[in-house]
Amino acid sequence: MTTVTEERIRFSDVVRLKAKQRLFVDSVWQGIRTGDPEYILFGGAAGPGKSYGIRWGAVITAIRIYHEYGLSGVRQGIFCESYPTLRDRQIDKVRAEFPAWLGHMNEANHDFTLAEEFGGGVLSFRNLDEVGKYDSAEFAVLWVDELTKNDKATFHRLRTRKRWVGVPHSPFAGATNPKDRGLPWVRKLWIEKDFSGDEDMGLSHAPFLFIPALPSDNDSLPASYWDTLNSLPPSLRAALLEGNWYIFQGQAFPEFQRPLHVIPTAEVHPLWRRIAGHDWGYNSPGHHLWGAIDPEGGVIIYREYAFRNLDPQEIAQSILYHQGQERITTTWADPSIWAERRKVDLTREQLNRLVEDGRLVLSKADQYAKAGLHCQPANNQRIAGKQRIHTLLKPRLDGVPWLRIMENCPVLIRTMQNIQLDPDRPEDVLTDYLPEDDMRDDAYDALRYLLMGVPAQATPEVGTESIAAKWGF
């Protein structure tokens, strides 16, 4: 058997890990031995050698497992979102970089098996176009290249496959740039370490580790690559060159900045005009927002309520409970909640008789009204609504934005940070979210309905500069 010293000499001629790559690989090994960290994320910018670190990290980890635990044939999974990207990022690079003495690739199933002298570990190169096909598989380590290309449901399902008899702990190791559709959920777990919500609360005690790496951590990059990164549009340059997780390509509202648009939770002056915005949902979440118009005509969103799997009467009762004795002048709601109403001219007596006889189903809006919540159909022009939000995010002459959100509205704040443009309709936001997605557009729609109901030159019922100063808005 080749000794560890001989292997290191041979490997030093082939693989040369940079400092951050080495930290990534060593963190995975620590996770195997101790379980801390269990979930490792490497990267956050372009150029530090993420894919290289994954494939060579898997090789080094296989040899370490063999020498530490005497286990042969241990399987690790290296995943990309599709086969073409798997081939480009990993398989073709394996063919070019892995020497013949290291092992052999089975071209039929894309498994690379290390030579017996290195323990015969197996690196399985797989795609994630249908994660359910791995439901019966087991992997000692899961390595995912460009994690933000995948949704959170894929992450949760894939991580159930991380186990191997004889290996104490099986870590999940991802590498990614801060872009693409999966950015919000990856940032939530690894950058913000926010485990709120039913889907994530089970991870609250799991050790997560983020290893940031920038292009400057890779001294092998050619000057031409730096020229390319510096020439990118601002949002993409912020992500790929600077590793900024909060400014990204395709962001619908890049002008939304938490220090500027989010204010502390406080009481709203009782005489300021108040309105509400409502987006209905049952299987998918619904959202309700309350807003107040300040003395200068700006809008302050001061409360939110998210709901799901409630019937219309329960929704109305819950909203009225949160609303208390506040006087809401108008609640602007999704026009679709009037959809069930018969488009005929009926008297109230005729309508009641049909309802009692079971021959007419009340619309959700009518059911709301029966419970005491009275709504008006909102202006549902999507492009105009989005433009209205852009306008109100701008500062007034005094430097204060027209639209501000209190910090007790975390869902709306997170939505404004994360919601993305639809690549097929760049003037609108992305809308094809699944009910279980961490990022959704329900709060955005409620905000759009509310703001489209605010006059362009809105004035509150009572508005003086002294009141604004007194209440701190």
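Of the 473 residues in the protein, 52% are buried, and this description, like those that follow, refers to a predicted model. The chain forms 16 helices and 17 strands. Its exposed surface comes to about 21,400 Å², of which carbon and sulfur atoms supply 51%. When contacts between residues at least 6 apart in sequence are considered, 73% of them join residues that are at least 24 apart.

Two pairs of packed helices were examined. In one pair, helix α10, which covers residues 312–323, packs against helix α12, which covers residues 364–371, at an angle of about 50° and with the two axes 8 Å apart. Because an angle that is neither under 35 degrees, nor over 145, nor from 65 to 115 counts as oblique, α10 is described as oblique to α12. The crossing of these two helices, α10 and α12, is right-handed. On the side of α10, the contact is made by Pro312, Gln313, Ile315, Ala316 and Leu320, and these meet Lys364, Gln367, Tyr368 and Ala371 of α12. Sorted by character, the residues of this contact between α10 and α12 comprise 6 nonpolar, 2 polar and 1 charged.

In the other pair, helix α14 (residues 410–418) and helix α15 (residues 442–452) also have axes 8 Å apart, and the angle at which they pack is about 95°. Since angles of 65 to 115 degrees count as roughly perpendicular, α14 and α15 are therefore roughly perpendicular to each other. The residues that α14 brings to the contact are Val411, Leu412, Thr415 and Met416, while α15 contributes Ala443, Tyr444 and Leu447. The contact of α14 with α15 is made up of 6 nonpolar residues and 1 polar residue, with no charged residue taking part.

Individual residues were then considered, beginning with one in a strand. His278 is located in strand β10, which spans residues 274–279, and with a relative accessible area of 0% this histidine is buried. Apart from its neighbours within four places in sequence, His278 is in contact with two further histidines, His287 and His288, and with Phe307, Ile315, Ile319, Thr331, Trp332, Ala333, Asp334, Tyr368, Ala446 and Tyr449. Two of these partners, Ile315 and Tyr368, have already appeared above, since Ile315 of α10 and Tyr368 of α12 are among the residues through which those helices meet.

A second histidine, His156, belongs to helix α5, formed by residues 152–158. Its relative accessibility is 15%, and because residues under 20% are classed as buried, His156 also counts as buried. Beyond its neighbours within four places in sequence, the residues in contact with His156 are Glu199, Asp200 and Leu203. For one of these partners, Glu199, the separation along the chain from His156 is 43 residues, whereas the C-alpha atoms of the two are separated by 8.8 Å.

Val25, finally, is found in helix α2, which runs over residues 19–34. This valine is buried, and its relative accessible area is 0%. Not counting residues up to four places away in sequence, Val25 touches Leu17, Gly53, Gly57, Ile60, Thr61 and Arg64. The C-alpha atom of Val25 is also separated by 8.1 Å from that of Ala58, a residue that stands 33 residues apart from Val25 along the chain.

Conventions:
Residues numbered from 1 in each chain as written. Predicted model: local features only at pLDDT ≥ 70, side-chain atom pairs only at ≥ 80, totals over all residues. Heavy atoms only, no water. Axes fitted to C-alpha atoms, helices over the stretch in contact; angles between N-to-C directions. Helix = DSSP H or I, 4+ residues; strand = E, 2+ residues; numbered from the N terminus. Left-handed = near helix turned anticlockwise from the far one by under 90°. Contact = heavy atoms within 4.5 Å. Nonpolar A, V, L, I, M, F, W, Y, C, P; charged D, E, K, R; others polar. Buried < 20%, exposed > 50% of the residue type's maximum accessible area, 1.4 Å probe, protein only. Areas by Shrake-Rupley, 256 points an atom, 1.4 Å probe, with all protein chains shown as cover.
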